[in-house]
Amino acid sequence: MGARVTVGDDTRPDQGDPQTEWSAAGSPPALVADPAAGGTGLILFPRTDSLPAAWVGPVPATGLEPDDVAALLAAARPCPLLPQHGEGWFGRPGLSGHRLGHGGGGPEAGGDWSPLFRPARSEHDGRRARVEAADKAAGLRLVTEIEAVPGGAIRARHTLTNLGRQPYVVDSLEVVFPLPGRVGEVLDFTGRQTAERIPQRHQIGDGLWLREGRRGHTGHDSATVLVAGVPGFTFGSGEAYGLHVAWSGNTVHRVERVPSGLGMTGDDAEPREGLAPGATTIGGGELLLPGEIILAEGESYTTPWVYLAAARSGLDDLSAQFHGYLRSLPAHPRSPRPVNLNVWEAVYFRHDLGKLTALADAAAGLGVERFVLDDGWFRGRRSDQAGLGDWWVDEDVWPGGLHRLAKYVRGCGMQFGLWIEPEMVNPDSDLYRAHPDWILATGQRVPPLQRHQLVLDLTRPEVVGYLLERISGLLSEYEISYVKWDCNRDIVDAGSGARAGAPAAHGQALAVYALLDELRARHPGVEWESCAAGGGRIDLGMLERVQRVWTSDMTDALARQSIQRWTGQLVPPEYLGAHVSASFSHQTGRYMPMSLRGATALFGHLGIEADITQVDDEDIAELAGWIQLYKRHRALIHSGRVVRIDTPDDTAWMHGVVAADQSTALLSYVQLDEPRNDQPAALRVPGLDPRRRYQVSDVTPGPRRPRRSGLWEARIPGVQVSGAALAEIGLAIAPQRTLTAAVVLVEAL
């Protein structure tokens with residue numbers, strides 16, 4: 001049976017605003033928005049016998065009067081946040097489910113499959129609204145919550161409660177927002193390990209665009225942010241709407257255009273038939289496996305929070321709203337983001353104290369501030385085929401434990417971090433041999449292996465108890481400041497033996513949250529990184545709990561440019577682990593100059609993923625320059641507004657950050673390929689004060705050579721100009737050598 005669960009945690013303090021009751025159809029429309037942030041607003045229009053209709057869109061700086069929107073209702077095209085088949089909605093319904101066991105000779109299933117909710121009570125306080133509704137005949141209650149969050153986005157979720165005596169099966173419950181008819185294109189993302197966040201876009205036509213995530217966690221191919229906008233929207237222009245489901249399990253993202261259909265008006269005594277106009281909607285929720293949520297009498301299911309940002313000026317405005325929300329969270333990193341050294345690509349499983357202390361010495365000399373020991377430190381872990389789950393230090397490799405290494409690292413002035421993968425187990429491990437029933441499985445069969453792993457069933461208290469005891473003990477014994485939490489496989493056959501093999505993906509995701517939350521409570525001084533074979537679990541549900549994500553296992557800087565560019569649609573730079581790797585990529589074999597490697601890592605949470613004891617003196621000197629540049633400007637990079645500047649072709653990209661007070665900007669020009677012509681690019685800088693004057697300086701570390709001698713100098717000359725000129729005309733950037741980058745600092749005079 002199901003239980004009362006809330007999958008979208010409310011991590012922000014209660015604002016304590018007074019609430020106004022608001023329920024009758026004669027009540028005025030109610031606007032939910034953050035007046036301080038502007039951004040996105042949602043207006044609810046009360047209706048006597050139906051759920052409130054909703055309009056959502058960008059709120060202008062001058063504000064928006066709900067009554068004015070009501071006067072233009074036909075153009076606004078409102079619809080409920082839960083479309084109902086019983087009202088003549090022929091698209092995908094917001095709720096799909098049915099009741100079991102009617103008794104008295106009735107069918108064993110299929111009852112109350114088309115509920116029709118009527119409003120009962122509503123509250124509204126400007127930033128939040130709550131709508132209560134019920135279908136008494138079906139024995140169901142629905143509560144919808146809407147909130148404006150810091151940064152400017154809004155979020156909504158539904159809670160469904162079974163009031164009937166017989167169980168109710170919830171097949172799907174989704175939050176759906178209306179879109180204006182002028183919206184005509186969809187952008188979302190796909191991908192794979194080492195190639196996350198590949199953008200794909202297409203025109204909206206009649207019917208349903210449905211993205212389902214069935215991997216048991218977010219996935220490398222996750223939609224991440226589903227964006228619908230006017231045709232041709234770009235980073236800096238065009239009306240756009242971005243939706244994200246804040247959940248680390250199976251998900252649904254959807255855009256749908258429904259042709260005209262049946263519309264009912266009047267009341268139950270005198271219903272009148274009409275024709276409802278077509279509508280376009282965007283929405284999402286959790287993807288539930290068959291029979292995963294079955295509500296007994298009095299039990300409830302709550303959807304994840306579904307976030308929506310709306311903007312008039314393109315994708316960067318959407319990003320700013322999501323970034324603003326993440327920067328408001330209690331878990332958001334407050335201290336300067338330290339330079340990391342992760343030793344994985346330096347040593348892999350070849351752990352040796354002498355080699356690792358040499359790496360620590362070299363790292364300290366470069367200005368590294370955190371040393372992370374990756375996979376290979378625990379019992380039997382000489383390859384990825386054994387040992388996972390046995391969370392004791394391997395005494396054969398580390399006699400006396402990790403104390404000598406940890407002490408040495410701290411003696412070099414660096415924090416000590418450690419890699420773990422709590423959710424997984426190798427069949428070749430003491431843990432699996434002792435508890436083969438502790439894995440997720442359906443029926444009596446063992447699921448297929450992926451990366452030589454199976455998935456532990458975290459819905460079992462004994463499994464969580466074991467992990468808590470072992471991980472907490474390690475964190476206490478070694479004074480660990482930082483944990484890289486990995487999750488290297490998808491979940492296949494996500495059934496729990498504790499429930500006779502019934503689906504447990506929903507419970508597993510909640511259990512991951514609970515385990516991480518408990519460890520955070522026990523060890524408040526530890527910072528956490530979420531890794532899932534790279535960027536396979538990047539979502540707001542996880543980001544509410546961690547201080548960093550590993551953006552991708554791809555450390556080739558050229559490939560990383562795109563991965564970081566599009567992961568940034570949701571996540572601000574301070575969370576995005578971005579490491580300078582070896583000159584020849586371990587994933588692609590390509591040679592990457594230090595210029596591109598340094599510039600790519602600069603606009604994230606900079607680190608190193610290479611054997612720096614083997615790097616030549618020239619590259620070490622240039623790497624030190626990139627680290628110094630990062631330290632000088634990380635406060636700006638990790639607090640400013642991200643800008644991605646539209647370019648005429650993809651041979652060069654321009655991007656950067658602009659300070660909130662418009663005093664400073666740091667921007668990068670990246671030459672990804674040979675330019676198609678020799679005309680300089682115009683690096684236009686949005687977001688500065690048009691009336692102030694600024695000093696522009698080339699701050700790129702390392703040597704610079706022109707692409708072609710006698711044509712342009714590689715280094716960008718310093719100038720003093722107005723913010724207006726930089727925004728409208730821009731700075732001329734000569735084509736650079738392929739796979740190099742230039743970094744420009746703009747400072748107010």
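**Notebook: cavities and a pocket**

I began with the largest cavity of this predicted model, and found that α11 (557-567), β36 and β37 each supply at least two residues of its lining. Within that group I noted that β37 gives the most to the lining of the largest cavity, with 4 residues. I then looked up the space inside the largest cavity, which comes to about 240 Å³. Its lining is made up of 17 residues, and those closest to the centre are Q564, R565, F603, V642 and H655. Sorting the lining of the largest cavity by class, I get 8 nonpolar, 7 polar and 2 charged residues.

How many cavities of 30 Å³ or more does the count come to? I recorded 10 cavities of 30 Å³ or more.

Next I turned to the second largest cavity, where about 90 Å³ of space lies. I wrote down its lining in full, as L44, L51, P52, L81, L82, V131, A133, L142, T144, I146 and H158. When I looked for the elements behind these residues, I found that β8 (128-135) and β9 (140-148) each bring at least two residues to the lining of the second largest cavity, and that β9 holds the largest share, 3 residues. By class, I entered 9 nonpolar and 2 polar residues for the lining of the second largest cavity, with no charged residue in it.

My last entries concern the second largest pocket, which holds about 650 Å³ of space. Which residues lie closest to the centre of the second largest pocket? Out of the 30 residues that line it, I noted I645, D646, T647, M654 and A682 as the closest to the centre. For the elements that give two or more residues to the lining of this pocket, I listed α3 (315-326), β36 (641-645), β37 (652-658), β38 (664-671) and β39 (681-683). Here I found the largest share of the lining with β36, which gives 4 residues. The class division that I wrote down for the lining of the second largest pocket is 14 nonpolar, 8 polar and 8 charged residues.

Reading the entries together, I see that β36 and β37 come up twice, since I have them among the elements that line the largest cavity and again among those that give two or more residues to the second largest pocket. I also set the charged residues of the linings side by side: the lining of the largest cavity has 2, that of the second largest cavity has none, and that of the second largest pocket has 8.

Key: Residues numbered from 1 in each chain as written. Predicted model: local features only at pLDDT ≥ 70, side-chain atom pairs only at ≥ 80, totals over all residues. Heavy atoms only, no water. 1 Å grid on protein atoms, 1.4 Å probe; cavity = no way out; pocket = protein on both sides within 12 Å on 5 of 7 lines; lining within 4 Å. Points joined across faces, edges and corners; volume = space filled by probe spheres on them. Nonpolar A, V, L, I, M, F, W, Y, C, P; charged D, E, K, R; others polar.
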